[in-house]
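Let's take a walk through a protein model together. Keep the sequence and the 3D view open while you read.

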Amino acid sequence: MLLGALVLVGGSAADLYGRRRIFLAGIVVFTAASVACGLSPNATVLIISRAVQGLGAALLTPASLAMLGATFDEHERSHAIGVWAGAGALTAAAGPVLGGWLVDHVSWRAIFLLNVPLAIAAAGLTILFACESHDPRAKRLDWKGATAVAAGLAAITWGLGAIPASGFHDKAVLGALGLGVVFLVLFLVIEARSRRHAMMPLSLYRSRNFSGANALTLLLYFALGGALYFLPFGLIRLGGYSATEAGAALLPFALIMGFGASLAGALADRFGPRLSLTAGPIIAACGLTLLAFADFKGSYWFSVFPAICVLGTGMTITVPPLTSTVMASVGDAHAGIASGVNNAIARVAGLLAVAALGAVLFASFSRHLAGIAPAQANEALNAALAGQAGIADSATTAFDRALRTVMLVTASCAALGGVAGWVTIRQKTTEA
């Protein structure tokens, strides 16, 4: 939760104090927290250490992108970000496999301790090769704005994350979401009054590319977050996959991202971002549409694999120029906060997708399972999601249709992202 709540603050701190300095500070915090996780004597210490890990990640994530934005000009930036995104995708693909092996053959503690040598290597490369950069106009950190946005994002992140377990009508959920909105409105008021000293100058949104790229991010990551959350349920409950097989079924997505993002970034640098930010989301929408009509009980290679590949191709085409456009649209001085804004939107979009599409799943399930009360429908859906024995065929059929409805909604959102890219993105990325 701290990652989502503090990523904007981390981006602002990187602009003010130096991107390399904050990146290295983030590595130190993340590594120390990883050691604490690996050596934790009980669950309480583990939870606290995981929270500190989130703080470290909130510092290093926007700073790493801001360093790329400051190091490479607009003609090379997408390619560099493509390499960054590809490396992230490959490690994401290897992580569950390596983590499972470590749990089975060593200990769960080894998962956290593995971060130590990787962090040392990252810090060494940063010290040797990365140049320091910051916003020369930044004078101080906007503590009022930082406190308001951190509280707002934390409340919304918690509220959205609690919806699947507690339901949207739960008082704690509604209170958290309402409180989050109040704090975010307060943040906007503070930023409007702070003007030159604002953590996130509202003038950034005058940039058509900045606003358009973030709108695309919201739509596309809503679609992706929802699809990747609900798809494994379909593979396991409808297709009979094991949990391991369901995870492996998504590996082509990560591999395509890992090996293709660099090329996609280079093409965006050559031809401009608009074409990539239009075609990429639409291709992703095609992949999600194929998943909506896939036969999960049939052969993986003929039903699911092609759809995953199309989805991965669309995301690969989109991610490098999307991130590059966000940072280039506001100039090098605000690269950190631009990265923080974009990261925050992507994370909130994924949480919002789980909550909103969960409601869509339930509504569609209830409609296809007519003649029972909402409470009974909720029990039947939870039983289907949990894979309980003795589920009626009618409930399984209703879940199948509801899941396909969810996939079509995600496809529509991704396609709308492509439309937003075509309408809002200008070919020249540097506007500030």
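Why is there no bond between the sulfur of cysteine 309 and the closest cysteine sulfur? That closest sulfur belongs to cysteine 286 and is 14 Å away, which is too far for a bond. For scale, a disulfide is a pair of cysteine sulfur atoms within 2.5 Å. A search of the whole structure turns up 0 disulfides. Cysteine 413 tells a similar tale: the closest cysteine sulfur to its own is again in cysteine 286, 15 Å off and too far for a bond.

Before going on, a word on the ground rules. This is a predicted model, where local features need pLDDT of at least 70, side-chain atom pairs count only at pLDDT 80 or more, and totals for chains, interfaces and linings use all residues. Residues are numbered from 1 along each chain as its sequence is written, and side-chain values use heavy atoms, with hydrogens and water left out.

**Who is hidden, who is out in the open**

Here "buried" means under 20% relative accessible area, "exposed" means over 50%, and "partly exposed" is in between (1.4 Å probe, protein chains only). Here are some residues to look up:

| Residue | Relative accessible area | Label |
|---|---|---|
| Cysteine 309 | 18% | buried |
| Cysteine 413 | 14% | buried |
| Threonine 217 | 0% | buried |
| Serine 324 | 5% | buried |
| Glycine 258 | 13% | buried |
| Leucine 219 | 23% | partly exposed |

Now let's place some of them. The helices (H or I, at least four residues) are DSSP runs, numbered from the N terminus. Threonine 217 is in helix H9, residues 208-238. What does threonine 217 touch, not counting residues up to four places away in sequence? Its partners are Phe222, Leu322, Asn342, Ile345 and Ala346, where contact means heavy atoms within 4.5 Å.

Leucine 219 also lies in helix H9. Leaving out residues up to four places away in sequence, leucine 219 touches Cys413, Ala414, Leu416 and Gly417. Its C-alpha atom is 9.3 Å from that of proline 281, although the two residues are 62 apart along the chain.

Serine 324 sits in helix H14, residues 305-328. With residues up to four places away in sequence left out, serine 324 touches Arg77, Ser78 and Ile81. Glycine 258 belongs to helix H11. The C-alpha atoms of glycine 258 and alanine 87 are separated by 5.8 Å, with their positions 171 residues apart along the chain.

**Three helices to look at**

Start with helix H6, residues 115-129. Its 15 residues reach 21 Å from the first C-alpha to the last, close to the 21 Å expected at 1.5 Å a residue. (The expected span is 1.5 Å times one less than the number of residues.) Which residues of H6 are buried? They are Asn115, Ala119, Ala123 and Thr126. Seen down the axis of H6, these buried residues fall within an arc of 65 degrees, so they line one face of the helix; the arc is that of the directions from the helix axis to the C-beta atoms. A bit of background helps: an α-helix has 3.6 residues a turn, so residues three or four places apart point the same way. On the other side of H6, Leu118, Ile120, Leu125, Leu128 and Phe129 are exposed.

Next is helix H12, residues 273-292. Its 20 residues should span 28 Å at 1.5 Å a residue, and its end C-alpha atoms are 29 Å apart, which agrees. Among its buried residues are Pro273, Gly280, Pro281 and Leu288. The cover over the buried residues of H12 includes H9, H11 (251-271), H14 and H17 (393-424).

Last comes helix H16, residues 374-386, with 13 residues and a reach of 18 Å, close to the expected 18 Å. Its buried residues are Ala377, Ala380, Leu381, Ala383, Ala384 and Leu385. H9, helix H15 (335-368) and H17 are included in what covers them. Just after H16, glycine 387 takes a positive phi of about 70 degrees.

**Rings**

Rings of Phe, Tyr and Trp (its six-membered ring) pair if their centres lie within 6.5 Å; planes under 30 degrees apart count as stacked, over 60 as edge-to-face and the rest as tilted. The structure holds 6 aromatic pairs. One of them joins tyrosine 300 and tryptophan 301, edge-to-face, at 5.1 Å centre to centre and 75 degrees between the planes. Tyrosine 300 is buried at 15%, whereas tryptophan 301 is exposed at 56%. Elsewhere, Tyr229, Phe230 and Phe233 form one aromatic cluster.

Notes:
Helices (H or I, at least four residues) and strands (E, at least two) are DSSP runs, numbered from the N terminus. The expected span of a helix is 1.5 Å times one less than its number of residues.
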